[in-house]
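Open the model in your viewer and keep the selection tool at hand. We will go from the whole chain down to single residues, one stop at a time.

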Amino acid sequence: MPIDLYYSPISAHCRSVLLLNQILGIEFNLKEIYSDNRRNQMLQKKSEFRKINNQEILPTIVDDGFTLWGCREILQYLVEKYGKDDSLYPKDPQKRALVNQKLYFDMGTLHQPFADYYFKRIFAKTSIDPAAFKKIEEAMGFFNTGLEGQLFAAGDALTIADFSLMATVSTYDAFKFDLTPYPNVAQWFERSKKTMPGYEEINQKSSEMEEYHEKILSRLQK
């Protein structure tokens, strides 16, 4: 029985789930929900979606009557239920703790300052805030240091933490953020792109996503 996936192709969080599924091979029944770029809120035009998700958050899945939303929560759930082994989300308590740490790092330390700096300028029309940009640089510096001596986010093996972080860093890249001062991040980014099946198709070949980023960049330049 296919899993209903409510998503938007321009959402980095949704793309992390789609990327992971290139490995898991789950049959998704895709239900596309579009975004209102003027308010940075999802247009929930279908009463069906409002009824299953009172927070109206993407991505959302419905798996045989079980409903779950939040990209990191979904990544964890899908691997635990449908993963062929535990390599993407190790059962070993210490290894899993490192993966969880990087998931929380992505959510609170790396993604949040990006949203605070870029989205406030775009949707709230605030002026450039050097202090907010400094937090972005600080967060990327933390990530760069954390990658020292290892291939992937939580060690030398690909895990769900990399899928979550890839969605965030690829959005930084789409917004022309310079990764050159962060060589470990730049190398991880290129390595992950080559390691994750379907990266080009999901992250780079969506004409709708490219058009969205072009509009966003044009707003930032005004």
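Here is a tour in several stops, each with something to select.

**The whole chain**

Start with everything shown, and keep in mind that this is a predicted model. The chain has 222 residues, 50% of which count as buried. Its secondary structure comes to nine helices and six strands. Among contacts with a separation of 6 or more, 67% are between residues 24 or more positions apart. If you switch on a surface, the chain exposes about 11500 Å², with carbon and sulfur atoms supplying 50% of that area.

**The sheet**

Now select strands 1, 2, 5 and 6. In what order do the four strands of this open sheet lie? The order is 2-1-5-6, and the pairing is mixed. Strand 2 (28–32) and strand 6 (66–69) stand at the edges with a single partner strand each, so one side of each has no neighbour in the sheet. From one strand to the next, the twist averages 20 degrees. As background, strands in a sheet pair through backbone hydrogen bonds, in either a parallel or an antiparallel sense.

Zoom in on strand 1 (residues 3–7) beside strand 2: five bridges link this pair, in the parallel sense. To see one of the pairings, pick isoleucine 3, whose bridge partner in strand 2 is phenylalanine 28.

**Helices on the sheet**

Add helix 1 (residues 12–24), which lies across strand 1 and strand 2 and runs at about 145 degrees to strand 1. Then add helix 3 (residues 71–82), which packs on the sheet and touches strand 1, strand 2, strand 5 (60–63) and strand 6. The direction of helix 3 makes about 30 degrees with that of strand 5.

**The hairpin and a cis peptide**

Move on to strand 5 and strand 6, which run antiparallel and are joined by four bridges. Aspartate 63 has phenylalanine 66 of strand 6 as its bridge partner. The two strands form a hairpin with two residues between them. Click on aspartate 64 in the turn: its phi is positive, about 50 degrees, although this residue is not a glycine. Is aspartate 64 buried or exposed? With a relative accessible area of 59%, aspartate 64 is exposed.

Next, select leucine 58 and proline 59 and check the peptide between them. The bond is cis, with omega at about -5 degrees. Proline 59 sits in the loop between helix 2 (47–52) and strand 5.

**Two crossing helices**

Hide the sheet and show helix 6 (residues 160–174) with helix 7 (residues 183–195). They pack at an angle of about 110 degrees, with axes 11 Å apart, which makes helix 6 roughly perpendicular to helix 7. The crossing is left-handed. For side chains at the contact, display Asp162, Leu165, Met166, Val169, Ser170 and Asp173 from helix 6, and Val185, Trp188, Phe189, Ser192 and Lys193 from helix 7.

The loop between helix 6 and helix 7 holds lysine 176. This lysine 176 is not a glycine, yet has a positive phi of about 65 degrees. Its relative accessible area is 66%, so lysine 176 is exposed.

**Last stop: threonine 168**

Return to helix 6 and select threonine 168. At 3% relative accessibility, threonine 168 counts as buried, since the cut-off is under 20%. Which residues does threonine 168 touch, leaving aside those up to four places away in sequence? They are Asp106, Leu110 and His111.

Conventions
Residues are numbered from 1 along each chain as its sequence is written. This is a predicted model: local features need pLDDT of at least 70, side-chain atom pairs count only at pLDDT 80 or more; totals for chains, interfaces and linings use all residues. Side-chain values use heavy atoms; hydrogens and water are left out. Two strands pair if DSSP finds at least two bridges between them. Axes are lines fitted to C-alpha atoms, for helices over the stretch in contact, and angles run from 0 to 180 degrees between N-to-C directions. Contact means heavy atoms within 4.5 Å. Buried means under 20% relative accessible area, exposed over 50%, partly exposed in between (1.4 Å probe, protein chains only). Accessible areas come from the Shrake-Rupley method with a 1.4 Å probe; for residues, only the protein chains shown count as cover. Angles under 35 degrees count as roughly parallel, over 145 as roughly antiparallel, 65 to 115 as roughly perpendicular and the rest as oblique. A crossing is left-handed if the near helix is turned anticlockwise from the far one by less than a right angle, and right-handed if clockwise.
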